[in-house]
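Visitor: I am new to this structure and would like to be led through it step by step. Could we begin with the model itself on display?

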Amino acid sequence: MLRNGVDDAAQRESLIEQIRAKGVRDERVLDAIRQTPRHLFVPESHRQYAYLDHALPIGEGQTISQPSLVAQMTQILELTGNENVLEIGTGSGYQTAILRRLSMRLTTIERFPRLTLQAYRNLQSLNLPPITFVMGDGTCGFPPYAPYDCILVTAGAPPKIPQPLLDQLSPNGGKLLLPLGSREYQLLTRVTKHGTRIRAKTFGECMFVPLIGKYGWQPDEVEPWRRQSR
Ligand code: SAH
């Protein structure tokens, strides 16, 4: 637990041990987690849980992802520091910070403007290199900076991969990592593109909030209160 609401390096180390135990061995990823104070990305009401390996609410019905999952996804991308990366689902900005430490250029898209603003503020104090924030539908990607070496989707997509994301992926080994499946459960899937050839590999089950957009779930499929009564 976070004592007195103050960050505690010992708590972060114990979180890192839990993440290591879940199979994350890439020291660069673990270092990025070590350098990123997660409590800054969690609302004050939940700060005492910031260094537990749990997803936590961040408003708008969304969550900051579980840290071990953030670490696993980052490890799967095998970033070397030279990549042009697109993140879809900025949320709290926590995964954004981790990606920014390990890449050359980062663009992040969020559909809730309030979360983008909050993430922007959360990230300001970290003195990271510039990040491009986009408010809008990430299922359409972001063509101005394509092609991307890596695209990470941090919300659960329906079984059909959004075509714009495949189109905006670099043909020289570009990697798209996304949870694919039903609204409740998904399979973490990495798609690699060589020329026009696409290869997919799965990395186990996960549970994400839904990816809502033109090439994702439709709002009335996942947010029933939006259904029009006739
Ligand atoms: N990486 C974030 C995860 C947030 S949860 C974190 O750890 O904080 C997933 C986020 O994806 C939510 O903020 C949700 O609003 C966003 N999202 C869902 N569909 C989206 C879309 N089509 N475009 C952009 N963001 C989307």
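Guide: We can start with the pocket, after a word on the model. This is a predicted model, in which local features need pLDDT of at least 70 and side-chain atom pairs count only at pLDDT 80 or more, while totals for chains, interfaces and linings use all residues. Residues are numbered from 1 along each chain as its sequence is written, and side-chain values use heavy atoms, with hydrogens and water left out.

Visitor: How many residues line the largest pocket?

Guide: A pocket here is an open set of points on a 1 Å grid over the protein atoms alone, where a 1.4 Å probe fits and protein lies on both sides within 12 Å along at least five of seven lines; a lining residue has an atom within 4 Å of a point. Ser65, Thr154, Ala155, Phe208 and Val209 lie nearest the centre of the largest pocket. The whole lining of this pocket numbers 44 residues.

Visitor: What is the volume of the largest pocket?

Guide: Grid points are joined across faces, edges and corners, and the volume is the space filled by probe spheres set on the points. Counted in that way, the largest pocket has a volume of about 600 Å³.

Visitor: Which residues of α4 are buried?

Guide: Helices (H or I, at least four residues) and strands (E, at least two) are DSSP runs, numbered from the N terminus, and α4 covers residues 94-101. Buried means under 20% relative accessible area, exposed over 50%, and partly exposed in between, with a 1.4 Å probe and protein chains only. In α4, 7 of the 8 residues are buried, so this helix is largely enclosed by the rest of the structure. The buried residues are Tyr94, Gln95, Thr96, Ala97, Ile98, Leu99 and Arg100.

Visitor: Which residues come nearest to the ligand?

Guide: A residue is near a molecule if one of its heavy atoms lies within 4 Å of it, and 25 residues are around the ligand in this sense. Those that come nearest are Ser92, Glu110, Asp137, Gly138 and Ile212.

Visitor: How far is a polar side-chain atom of Asp137 from a nitrogen atom of the ligand?

Guide: A polar contact with the ligand is a pair of N or O atoms within 3.5 Å. A backbone N or O atom of Ser65 lies 3.0 Å from an oxygen atom of the ligand, and a polar backbone atom of Gly136 is 3.5 Å from a ligand nitrogen. For the side chain of Asp137, the distance to a nitrogen atom of the ligand is 3.0 Å.

Visitor: Which residue of β9 is the bridge partner of Gln186?

Guide: Two strands pair if DSSP finds at least two bridges between them. Strands β8 (residues 186-194) and β9 (residues 197-206) run antiparallel and are joined by 8 bridges. In their hairpin, which has 2 residues between the strands, Gly195 takes a positive phi near 60°. The partner of Gln186 in β9 is Cys206.

Visitor: Is Asn127 buried or exposed?

Guide: Asn127 sits in the loop between α5 (113-124) and β5, and its phi is near 55°, a positive value in a residue other than glycine. Its relative accessibility is 71%, so Asn127 counts as exposed.

Visitor: Which two residues does a cis peptide bond join?

Guide: Most residues other than glycine have a negative phi, and most peptide bonds are trans. In the loop between β5 (132-135) and β6 (150-153) lies Pro147. The cis bond, with omega of about 5°, joins Ala146 and Pro147.

How values were computed: Polar contact = N/O pair within 3.5 Å; in protein donor to acceptor, adjacent residues only side chain to side chain.
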